[in-house]
Amino acid sequence: MRRGISLKRQRTAVLTDVRPVMASMKRNELIHRLLAECCEICETRTNLEVHHVRKLADLNRPGRRERPVWVHLMAMRRRKTLVICRHCHEDIHAGRPTAPLRK
């Protein structure tokens, strides 16, 4: 007694290719923030980049001086990324104060 799929060729068989269905069409929050094309600090709309920190715990280290605006923003949102313009990104890495947040 044989079991399983027959390997004999079927000349009348019809082959239909099915398009693969994407698992999710949703975009994550970072993609939405990038597509907004606006600096999250100074609201400039040119030369956008993403600033990333290793861990959120690095933002809340005790014994440091007053936290800059961008640190407050990242801690408030509980996000390790910040979509900002090139100028603000250079200011962050140079330790210079960034523009105040516009309301």
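A residue is called buried when its relative accessible area is under 20%, exposed when that area is over 50%, and partly exposed in between (1.4 Å probe, protein chains only). By that yardstick His-51 is buried, because its relative accessible area is 5%. Before we go on, this is a predicted model, where local features need pLDDT of at least 70 and side-chain atom pairs count only at pLDDT 80 or more, while totals for chains, interfaces and linings use all residues. Residues are numbered from 1 along each chain as its sequence is written, and side-chain values use heavy atoms, with hydrogens and water left out.

Let's stay with His-51 for a moment. It sits in strand E1 (residues 48–52); strands here are DSSP runs of E with at least two residues, helices are runs of H or I with at least four, and both are numbered from the N terminus. The His-51 side chain makes a polar contact of 3.3 Å with the side chain of His-89. For a polar contact, a pair of N or O atoms must be within 3.5 Å; within protein, one must be able to donate a hydrogen and the other to accept it, and residues adjacent in sequence count only if both atoms are side-chain atoms. Setting aside neighbours within four places in sequence, His-51 is also in contact (heavy atoms within 4.5 Å) with residues including Trp-70, Met-74, Leu-82 and Ile-84.

Some of those names come back in the largest nonpolar core. Such a core is a set of buried Ala, Val, Leu, Ile, Met, Phe, Trp, Tyr and Cys residues joined through side-chain atoms within 4.5 Å. This one has 14 residues, and Cys-39, Ile-41, Trp-70, Leu-82, Ile-84 and Cys-88 touch the most other members. Helix H2 (69–77), strand E2 (81–85) and H3 each give two or more residues to this core, with the largest share, 4 residues, coming from H2. Leu-82 also touches Arg-33, Glu-40 and Val-50, among others, not counting residues up to four places away in sequence.

Thr-98 lies in the segment after helix H3 (86–94). It counts as buried because its relative accessibility is 13%, and among the residues it touches beyond four places in sequence are Ile-41, Trp-70 and Cys-88. Pro-20, in the segment before H1, counts as exposed because its relative accessibility is 75%. Its C-alpha atom is 34 Å from that of Leu-82, 62 residues along the chain.

Now for the charges. Side chains of opposite charge can pair when their charged atoms come close. The structure holds 7 salt bridges, each one a side-chain nitrogen of Lys or Arg within 4 Å of a carboxyl oxygen of Asp or Glu. Here are some of them:

| Salt bridge | N to O distance |
|---|---|
| Glu-29 and Arg-79 | 2.6 Å |
| Arg-33 and Glu-40 | 2.8 Å |
| Glu-90 and Arg-86 | 3.1 Å |

The Glu-29 and Arg-79 pair links distant parts of the chain, with Glu-29 in helix H1 and Arg-79 in the loop between H2 and E2, 50 residues apart. Glu-29 is partly exposed, at 37% relative accessible area, and Arg-79 is partly exposed too, at 32%. By contrast, both Arg-33 and Glu-40 are buried. Glu-90 and Arg-86 are separated by about one helical turn because they are 4 residues apart in helix H3. Salt bridges that share partners join Glu-29, Arg-33, Glu-40, Arg-77 and Arg-79 into one network.
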